[in-house]
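Student: I have a chain to look at and some labels to justify. Can we go through them one by one?

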Amino acid sequence: MVNLGEVSEVRGHEQAKHRPCVVIKSFPNLKLAIVLPVTSSTKLSFYTIVSLLQGAGGLTTDSYALCHQIRSISFERITSSLGRLERHDFLKIQVVLTDTLELH
């Protein structure tokens, strides 16, 4: 769980609030992590979104990792850990990130 800030602080389509995030890279020496916000909103239909079923990584509802919303955050924003994603869920995210960032 990560505190991404108040709704009044965001601009455009940025994610805010206290919400689950997928940590895709951690930099302990810098006390920074690169995360993907997660939403339970079903209104989204975009190729940069990865579906995560209820129970994945401790999620309490079917949710979606927003691979187009990559953020670098301070460890201070992380409030708790829900769990770890299974390898197959993380691989889905890796494939979408590779395509989204055109790393191939």
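Student: What makes strand β4 mostly covered?

Tutor: This is a predicted model, and the label rests on a count. Strand β4 spans residues 32-39, and 6 of its 8 residues are buried. Buried means under 20% relative accessible area, so those 6 residues fall below that cut-off.

Student: How do you know that β3 and β4 pair?

Tutor: Pairing needs at least two bridges. β3, residues 21-27, and β4 share 6 bridges, so they pair, in the antiparallel sense. In that pairing V23 stands opposite V35 of β4.

Student: What lies between β3 and β4 in the hairpin?

Tutor: A turn: 4 residues separate β3 from β4. K31 in the turn has a positive phi of about 55°.

Student: Why do β4 and β6 count as paired, with 2 bridges?

Tutor: The cut-off is at least two bridges, and β4 has 2 to β6 (residues 63-66), so the pair qualifies. The two strands run antiparallel. V38 stands opposite A65 in β6.

Student: How many bridges join β4 to β7?

Tutor: There are 4, again antiparallel, with β7 covering residues 71-74. L32 has S74 of β7 as its bridge partner.

Student: Which residues lie nearest the centre of the largest pocket?

Tutor: C21, V23, G83, R84 and L85, out of 21 lining residues. The pocket volume is about 490 Å³. β3 gives the largest share of the lining, 3 residues.

Student: What is the class make-up of that lining?

Tutor: The lining of the largest pocket has 14 nonpolar, 4 polar and 3 charged residues.

Definitions and conventions
Residues are numbered from 1 along each chain as its sequence is written. This is a predicted model: local features need pLDDT of at least 70, side-chain atom pairs count only at pLDDT 80 or more; totals for chains, interfaces and linings use all residues. Side-chain values use heavy atoms; hydrogens and water are left out. Buried means under 20% relative accessible area, exposed over 50%, partly exposed in between (1.4 Å probe, protein chains only). On a 1 Å grid over the protein atoms alone, a cavity is a set of points where a 1.4 Å probe fits but cannot get out, and a pocket is an open set with protein on both sides within 12 Å along at least five of seven lines; lining residues have an atom within 4 Å of a point. Grid points are joined across faces, edges and corners, and a volume is the space filled by probe spheres set on the points. Ala, Val, Leu, Ile, Met, Phe, Trp, Tyr, Cys and Pro count as nonpolar, Asp, Glu, Lys and Arg as charged, and the others, Gly among them, as polar.
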